[in-house]
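The exercises below are to be worked with the structure in view. Each task is followed by its solution in steps.

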Amino acid sequence: MATKAPGADPPETTDLDRLRSAASGCRGCDLYRDATQTVFGEGSRTAEIMVVGEQPGDQEDRQGAPFVGPAGRLLDRALDEAGFDRRKIYVTNAVKHFKFKRDERGKRRIHKTPSKTEIVACRPWLHAELAAVRPELLIFLGATAAKALLGDDFRITRSRGERIDLAEFATTAVATVHPSAVLRAPDRDEAYRAFVADLVAARDL
C-alpha cells in the first residue's frame, strides 16, 4: 500500500560524493521499494552544462548510472554531433529511481511516467545538484524533466529549442524531447535531426 511521500531530504552540502551517498538511502517516495538502486547524477562539479532527463530506465537501474541504455547511446551521439564536449556535461534525472510495471509474463520491466508527487518528492536532489554544479546551461530532456523545475504548464511542443532564463538558479535552459521519444518516433531519422537541431540551439546560447 502506497504511503504519502515525505520528500527527499539532502544534506546541506555541495559535495557531490556526499550527496550521492545520501541519495543511495533515500526513502522520499515509494519508488525505492521496487527499484534496484538510486541512480544519481554523474559528472564533474565544474561541468558547464547539466542535462536533466526524466528517470533512470531498465539498464540505468541495473547499472546504477544515468543514460547507459539505448537512449543514452543516442544522446551521446547527438551531443557529439551538436558539438558538445561530453567531459563538460553533468548528466542526471529529475527522478532518481526507476518506475515500472511488469509485462504480462512478469519478466520485462516497462517504463511508467513518474507522478507529480514523485517528481516533487525527488526535486530536492535536483536542487542540490544544481547548487553543487552551478551549470551555465541546463538542457531538459522531455516534459517530465522540464516540469520538475518549470511547472506543470510547460509544454515541449510549444517551447522546445527556445531559451529559458532561470534566475532562481542563475542559469539558462533549453528543453527538447527525451531521446527515448526519438527511438519511438515513426520517422526516426527526422526526429533525430530535430533533436540534434535543438541541441545545436542550446550550444549556440
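**Exercise 1: Helix α4**

Task: Compare the span expected for the 18 residues of α4 with the distance between its end C-alpha atoms.

Solution. The model is predicted. Step one: counted at 1.5 Å a residue, the 18 residues of α4 should span 26 Å. Step two: the end C-alpha atoms of α4 are 25 Å apart, which agrees with that span.

Task: Find where α4 has a kink, and state what follows the helix.

Solution. Step one: α4 covers residues 116-133. Step two: the kink, of about 40°, lies at cysteine 122, shortly before proline 124. Step three: after α4 comes arginine 134, which has a positive phi, near 50°.

Task: List the buried residues of α4 and say what covers them.

Solution. Step one: the buried residues are Glu118, Ile119, Ala121, Cys122, Trp125, Leu126, Ala128, Glu129, Leu130, Ala132 and Val133. Cys122, where the kink lies, is thus one of the buried residues of α4. Step two: their cover includes the helices α1 (16-23) and α5, together with the strands β1 (49-53), β2 (89-93) and β5 (137-141).

**Exercise 2: Two residues compared**

Task: Decide whether alanine 132 is buried or exposed, and do the same for glutamate 12.

Solution. Step one: buried means under 20% relative accessible area, and exposed means over 50%. Step two: alanine 132 has a relative accessible area of 3%, so alanine 132 is buried. Step three: glutamate 12 has 85% relative accessibility and therefore counts as exposed.

Task: Place both residues in the chain and describe their surroundings.

Solution. Step one: alanine 132 belongs to helix α4, while glutamate 12 sits in the segment before α1. Step two: leaving aside residues up to four places away in sequence, alanine 132 touches Thr14, Leu16, Leu19 and Arg45. Step three: from alanine 132 to aspartate 15 there are 117 residues in sequence, but 6.7 Å in space, C-alpha to C-alpha. Step four: glutamate 12 is 112 residues from proline 124 in sequence, and the C-alpha atoms of this pair are 11 Å apart.

**Exercise 3: Pockets and a cavity**

Task: Describe the largest pocket by volume, central residues and lining.

Solution. Step one: the volume of the largest pocket is about 810 Å³. Step two: 30 residues line this pocket, and Gly57, His111, His178, Ser180 and Arg184 are the closest to its centre. Step three: at least two lining residues come from each of α2 (58-63), α3 (70-81), β4 (109-111), α5 (143-150) and α7 (179-184). The largest share, 4 residues, is that of α7. Step four: sorted by class, the lining has 12 nonpolar, 12 polar and 6 charged residues.

Task: Do the same for the second largest pocket, by volume and class of lining.

Solution. Step one: this pocket holds about 210 Å³ of space. Step two: its lining includes Glu48, Ile49, Phe84, Asp85 and Lys88. Step three: by class there are 5 nonpolar, 1 polar and 6 charged residues.

Task: State how many cavities of 30 Å³ or more the structure holds, and what lines the largest cavity.

Solution. Step one: there is 1 cavity of 30 Å³ or more. Step two: the largest cavity has a volume of about 60 Å³. Step three: among the residues lining this cavity are Cys26, Cys29, Glu118, Ala121 and Cys122. Glu118, Ala121 and Cys122 also appear among the buried residues of α4. Step four: the lining of the cavity has 6 nonpolar, 2 polar and 2 charged residues.

Conventions. Residues are numbered from 1 along each chain as its sequence is written. This is a predicted model: local features need pLDDT of at least 70, side-chain atom pairs count only at pLDDT 80 or more; totals for chains, interfaces and linings use all residues. Side-chain values use heavy atoms; hydrogens and water are left out. On a 1 Å grid over the protein atoms alone, a cavity is a set of points where a 1.4 Å probe fits but cannot get out, and a pocket is an open set with protein on both sides within 12 Å along at least five of seven lines; lining residues have an atom within 4 Å of a point. Grid points are joined across faces, edges and corners, and a volume is the space filled by probe spheres set on the points. Ala, Val, Leu, Ile, Met, Phe, Trp, Tyr, Cys and Pro count as nonpolar, Asp, Glu, Lys and Arg as charged, and the others, Gly among them, as polar. Buried means under 20% relative accessible area, exposed over 50%, partly exposed in between (1.4 Å probe, protein chains only). Contact means heavy atoms within 4.5 Å. The expected span of a helix is 1.5 Å times one less than its number of residues. The bend at a residue is the angle between axes fitted to the seven residues ending there and the seven starting there.
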